[in-house]
Structures are given as structure tokens and as C-alpha cells.
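User: I am a first-year student, and I would like a close look at a single part of this model. Please take me through it step by step.

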Amino acid sequence: MEIVGTLPQESLAEGLWPRTIEELLAFIGLSDKKEVDISSRINSLFGQIANVTDSLITATIEKRTAAEFSATARALFNDYVRVLRAKSDLLQVVLRNDVHATERIVNQTLCELEADFRDNGVQRFGTSASEQAIFTVWTIRKTAALIWKLFDPQVINRKLPEDSVKKGEQFRSEFALYSAWAQFHLECLTTSMRLNKALYPDVLPAVMDGLRSEVNAYAIAKQIVDLYLPPAPEPELTPYAWDEEDDELLASSMQDMELEEL
Amino acid sequence: MEVLQGDIYWVRARDLDIEGSEQKNNRPYVIVSRLRINRLGKNVVGVPLSTKLHKACGHRVMIPLQMMVKDLSWPLEWAPGQPRTQLETSVALTDHVRVLDKDRLTQPRMGYLSSTAIVGLELALHYVFESPQNP
């Protein structure tokens, strides 16, 4: 399956695939954990992990051409995912696997990210890239909202038929790939803002392309949820009478199309 | 005629356009209205596709050709020597969503979107229409 936008050539190393629903948590936008009340030792551990992330991202965003950027992104991507998983695992230990607390932190992080892009995005990256980043953060929020549905005890413990189990495995690995790929590119923008490192003009379109894979992550998350919570059948709609007003509206729309410049 | 969500049709802007004419504003549309709605009236709702890929941004999602399934019955030419527009990687202009007359959909359909692409398009439309009071 290909993604909307960038088509990553790499894949996740086998050990990095999420084997269970719980492991999906690593891929739904957990980043800085500043607001978590934790001991200084663990805080320092988070700080060290953040430094590793910064070094990976900085090595990527300092490239001058799109080709160099993409090659470096591919080379470092699996390490980035290892760090994502480490952060998530550590957070689960700190929060004692409290899904609601995790949800609150993820939502807060995403709100802050969105505000950062609203306040500084246009100035730093221009309108188009800033809009793409805001849409990506919004999509991560929608994706996370889908994933939380799976954590209901009645859902997570549901036994799936054999063919759905296979599909679930495939969806989880695809979800992890697309979601992490988008987050990697989002972190390129946030790191650029935070460390005041400008992106080269040739690199920005490649970053925007990478952000587009979050749409795929959402679409796959939706299919995972549908496996566990099949949609209810739709009720039949009552037929209505098509009248002159409907005809006029339809004709007007088609007339507009004739005149429209897209 | 059964028009399905995710189908891609070549839509004629003018009633007088005969099939095979490539007028400026004729273009492919993805049908986004659901089947039950499509069955009820003379209209469907569609999102235009553009091959100007630089228009992709946020809610204007790019749909790679790999996420479209070409309908083999969509011919290569309108008439000998008159090539038809074929499906290619496109941008869905979700902010130009439009009511379409079913009679202007050129048969057969050009193809349809993969289920992943349909959900992606649905997401982009949600972004376009979402109320700020209800994020």
C-alpha cells in the first residue's frame, strides 16, 4: 500500500513493528513530556532521549538538497522509531499504564504544537508549509482519537476471527510506518523552530511531502478500528420529492462549474 | 445508474458538450456523497481532481495513481486520434466540492479510489467543514 504524498522506500525493521494494540501508543504523537510530574532521574532520562532525537533530526535538517535530506531521513528513520518507542515505553512506566493520563498528555502536546505553528509557522516556513503542518497536527489528533477507542477493555480483549488477526497485523505495521514517517518530518519543523535552524529552500518541499503520510496513518487507523468495532448498518433514508427548486440549484451549480477557474 | 462513493468520473461542465469534447472546464471528479444519497436524487456531490501537483497543501490531499484503480472500460481515445484524459496522480481540491448533475457524468467511470484514499479524502473534507467550536 502506498501513501498519499511521499512514497517512502524504506520499511520499519521487523523488531519495531507494533505487535499489540498497546504498542500503537508509541506512534500517536507522544513527544515532549515536560508537564509530567516525575522524579528528576527520570526527567533526566527523558532529557537524554530528547537529545538523541535532536541529534537525529539535526543531522537531517542541515542537509542542503532534497536528495541529501531524503537519503539521510531514510538512513536514520529506524533509529528515530527506536527512540519513539523508548519514549513511549518510559512514559508508560512513569504513568503506570494509565491510558487516560497518556491521552491527556498527548492532547496537550498536540494543542501546544498546533499553537506553535499558528504563532510562528508562517514566519518560519511560509503559508503553505505552515498550513500543511497545522493540518498534520490536526490529523494526528484525529488519529489518536481513533486509537483511544481501541483501549476500551471490551474492545481490546475482543477475540478477532483468524483472517482479521492477519489483517490487524498488517494494518498495525503500516500504521506504524506512516505515522512515524509523518512525525519524523513534523519534528524536522519543530526542531528547526526550537533550535532556530533554518531549513534550506530545497528541503522544505520534501518535509511537506513527508507530512502527508499522516493522512495514510489516519486511514489505516480507521481500518484497524473497523476491525474491532465494525460500523453499524446505516438506516434507510426516506425518499423525497425532487422539485423545481432542486432543479434550479443543480443547474446553478453546473453553470458555476462551466465558469469556474480552478 | 449506480454511482458509488469513491468513483471517479469525467464530468462535462456544459449540457451541450457532447461526449468526447475536452472543454476547458470538463474534468475528473471523485464522488464523495454516499450511495444512499446518490440513489435518491438527480445529483451527487464530487471533489474535482487537478494534476497541478503544486496545489497540494494540507486539506488539498495528494492522491497517488497507486491509490486509484483504473476502470478498464474507460477507453484510451474518444475517437481515433483523440486521446482521452487518463487517471494520474492528482490533488483533490476539497475546497471546491460541488453538486453535480448525474447526467453530466460521462459513462463509464474512469476508475475508483482505494479504501485508504477514500478515508483520507473524507478526513480532508472533515477538516474543510469542521466547526471551530467543535474541534
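What pattern does chain B follow, read along the sequence? Please look closely at chain B, and at the side of chain B that touches chain A.

Analyst: Read along the sequence, chain B runs β-β-α-β-β-β-β-β-β-β-β-α. That makes 2 helices and 10 strands. Keep in mind that this is a predicted model.

First, how far can we trust it? The model as a whole scores ipTM 0.83 and pTM 0.86. Chain B has a mean pLDDT of 90, and 91% of its residues reach 70 or more. Chain A averages 87, with 92% of the residues at 70 or above. One stretch of chain A needs care. Residues 1-6 of chain A stay under 50 in pLDDT. The model still gives that stretch 28 contacts beyond four places in sequence.

Now the overall form of chain B. Its C-alpha atoms fill a box of roughly 55 × 35 × 25 Å along the principal axes. A compact globule of 135 residues would have a radius of gyration near 14 Å, and chain B has 15 Å, so the two agree. Buried residues account for 36% of the chain's 135 residues. Next, take the contacts in chain B between residues at least 6 apart in sequence. Of these, 74% join residues at least 24 apart.

Chain A is built on another plan. It has 9 helices and 0 strands. Its pattern is therefore a run of helices, α-α-α-α-α-α-α-α-α. The C-alpha atoms of chain A fill a box of roughly 70 × 50 × 35 Å. Of its 262 residues, 37% are buried.

Next, the side where the chains meet. Here 31 residues of chain B are in contact with 34 residues of chain A. Five elements of chain B each give two or more residues to this side: α1 (35-40), β3 (43-50), β4 (62-63), β9 (98-101) and α2 (115-129). The largest share, 6 residues, comes from α2(B). By class, this side of chain B has 15 nonpolar, 10 polar and 6 charged residues.

Helix α2(B) deserves a closer look. Start with its length. Its 15 residues should span 21 Å at 1.5 Å a residue, and its end C-alpha atoms are 21 Å apart, so the values agree. Then look at burial. B:T116, B:A117, B:I118, B:V119, B:G120, B:L121, B:L123 and B:A124 are buried in this helix. A general rule helps when you view any helix. An α-helix has 3.6 residues a turn, so residues three or four places apart point the same way.

One of those buried residues, B:L121, leads us to the core. The largest nonpolar core has 85 residues. B:L121 is among the residues with the most contacts inside it, along with B:V30, B:A92 and B:L113. Chain A takes part too: A:F175, A:A180 and A:V207 are on that list. The largest share of this core, 12 residues, comes from α6(A). A general tendency fits here: in soluble globular proteins, nonpolar side chains tend to be buried together.

Follow B:V30 to see the core from inside chain B. Leave aside its neighbours within four places in sequence. B:V30 is then in contact with B:G6, B:I8, B:G46, B:V47, B:L49, B:A92, B:L113 and B:L121. Find B:L121 in that list, and you are back at helix α2(B), where B:L121 is buried.

Helix α6(A) can be checked in the same manner as α2(B). Its 33 residues, 162-194, should span 48 Å, and its end C-alpha atoms are 47 Å apart, which agrees. After this helix comes A:N196, with a positive phi near 55°. A:N196 sits in the loop between α6 and α7 (204-211) of chain A. A:N196 is exposed because just 8 other C-beta atoms lie within 10 Å, and the cut-off for exposed is 12 or fewer.

Finish with a backbone detail in chain B. The peptide bond from B:Q107 to B:P108 is cis, with omega near -5°. B:P108 lies in strand β10 (residues 105-113) of chain B. Why point out these two spots? Most residues other than glycine have a negative phi, and most peptide bonds are trans.

Terms used. Residues are numbered from 1 along each chain as its sequence is written. Chains are lettered from A and ligands numbered from 1 in the order in which they are written. This is a predicted model: local features need pLDDT of at least 70, side-chain atom pairs count only at pLDDT 80 or more; totals for chains, interfaces and linings use all residues. Helices (H or I, at least four residues) and strands (E, at least two) are DSSP runs, numbered from the N terminus. A residue is buried if 20 or more other C-beta atoms lie within 10 Å of its own, exposed if 12 or fewer, and partly exposed in between; C-beta atoms are placed from the backbone. The expected span of a helix is 1.5 Å times one less than its number of residues. pLDDT is the predictor's confidence in each residue, from 0 to 100. The radius of gyration is taken over C-alpha atoms; the globule rule is 2.2 Å times the number of residues to the power 0.38. Two residues are in contact if their C-beta atoms, placed from the backbone, lie within 7 Å. A nonpolar core is a set of buried Ala, Val, Leu, Ile, Met, Phe, Trp, Tyr and Cys residues joined through C-beta atoms within 7 Å. Ala, Val, Leu, Ile, Met, Phe, Trp, Tyr, Cys and Pro count as nonpolar, Asp, Glu, Lys and Arg as charged, and the others, Gly among them, as polar.
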